[in-house]
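Please work through the exercises below with the sequence and the structure open beside you. Each task is followed by a solution that proceeds step by step.

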Amino acid sequence: TPESGAAYPLTVVDGTFRDVGLPPGWPTSTSGWDMQSIALSYDAEADSLSIGIDCFVVCGDADGDGDPDGSSPELIARGGQDLPDFANSESFAVAFDIGVENSNSNELDGVMDFIIGFPADEPDASERFDCGDELDVRCFGMYRYDVSSGTAQPGQRFLVRPSDSVLPHPVERFERAPGVAATVANGDLEFTIRNFNAFRQKFGVPPVDARVEWSINLLAFAGSFQDDGVGEDQFPNDAPFRTLVLPCSLNDACDVCGGDSSTCLDCAGIPNGPNVYDACDVCGGDSSTCLDCAGIPNGPNVYDACDVCG
């Protein structure tokens, strides 16, 4: 589940095994770069797309010692660093493809368009970042995906264009409360794009129709150049990206996704209403309009010639 408490209808497991390499004889078994799963949730009412990253341990804890903001003696002895606040080359990045810019089409082309997270580098092709030179949490945000960087890993593909008509755009990350120590339970990451359909329209692709399924291509990266001997992780492991299909997310009053609230109408046309036909075939009635003289609905009793009922 995401740290904010929202529900994720789509979760994709990166691997049941821990695949980020550690130096021989390392005192811990898992690095905080090792992603366990990626999860997506689109909230149609709020028009927000949330992306969750679940790590086996605390995300960003390079040496796996439980402290994502400090280096263990073993890492220091190797000349490595586990920096606080995703500084310098430490990066978590999620890149995605939502289509071809200004195509007015939902068709995906397999080329990443944007990237969210903490950049590890400022590409030569980019305008200067406005968050300082340390590239820490102050640089968190959504950027263009630099497709010109050759073999660079995703953390090095954060690009700022001059006079961009799409960016900046509101994106948030879930944060632990100040002073709360990081744990495996609260150490995952969550990024949320607000006003997602407005973002898509600025890019020139149709808005999400929450009444039907829709798709997005996605990849993710976690790692650092400064944690000597500790590996990196990339999602997926077996392809350049993964196509994820998000389910319909707009339920009608009858709890039918994409429905028109017509499948749970009562006899008065009210969704999930209380009205039913009574014994007299009157909607919402009290069975009083078809009583026989003995007070029995649709009963056989009538008054005889002596004016006696039955």
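The exercises that follow concern a predicted model, and they take up two residues and then a pocket.

**Exercise 1.** Determine where Ser224 lies and whether Ser224 is buried or exposed, and then describe the surroundings of its side chain.

*Solution.* Begin with the chain path, where Ser224 is found in the loop that joins strand E10 (214-223) to strand E11 (233-235). Next, take the relative accessible area of 4%; because buried means under 20%, Ser224 counts as buried. Then follow the side chain of Ser224, which makes a polar contact with the side chain of Ser89 at 3.2 Å and also reaches the backbone nitrogen of Gln226 at 3.0 Å. Finally, setting aside residues up to four places away in sequence, Ser224 touches Trp33, Ser89, Glu90 and Glu232.

**Exercise 2.** Locate Leu244 and find which residues Leu244 is in contact with.

*Solution.* Leu244 belongs to strand E12 (residues 242-246), and with 4% relative accessibility it is buried. Neighbours within four places in sequence are left aside, and the contacts of Leu244 are then Leu10, Val12, Leu40, Trp214, Ser215, Ile216 and Leu218. For Leu10, note that 234 residues along the chain separate it from Leu244, while the C-alpha atoms of the two are 8.3 Å apart.

**Exercise 3.** Describe the lining of the second largest pocket.

*Solution.* Start from the volume of the second largest pocket, about 330 Å³. Of its 17 lining residues, Asp130, Met142, Tyr143, Val160 and Pro168 are the closest to the centre. Sorted by class, the lining comprises ten nonpolar, two polar and five charged residues. Strand E6 (residues 141-145) supplies the largest share, three residues.

Terms used. Residues are numbered from 1 along each chain as its sequence is written. This is a predicted model: local features need pLDDT of at least 70, side-chain atom pairs count only at pLDDT 80 or more; totals for chains, interfaces and linings use all residues. Side-chain values use heavy atoms; hydrogens and water are left out. On a 1 Å grid over the protein atoms alone, a cavity is a set of points where a 1.4 Å probe fits but cannot get out, and a pocket is an open set with protein on both sides within 12 Å along at least five of seven lines; lining residues have an atom within 4 Å of a point. Grid points are joined across faces, edges and corners, and a volume is the space filled by probe spheres set on the points. Helices (H or I, at least four residues) and strands (E, at least two) are DSSP runs, numbered from the N terminus. Ala, Val, Leu, Ile, Met, Phe, Trp, Tyr, Cys and Pro count as nonpolar, Asp, Glu, Lys and Arg as charged, and the others, Gly among them, as polar. Buried means under 20% relative accessible area, exposed over 50%, partly exposed in between (1.4 Å probe, protein chains only). A polar contact is a pair of N or O atoms within 3.5 Å; within protein, one must be able to donate a hydrogen and the other to accept it, and residues adjacent in sequence count only if both atoms are side-chain atoms. Contact means heavy atoms within 4.5 Å.
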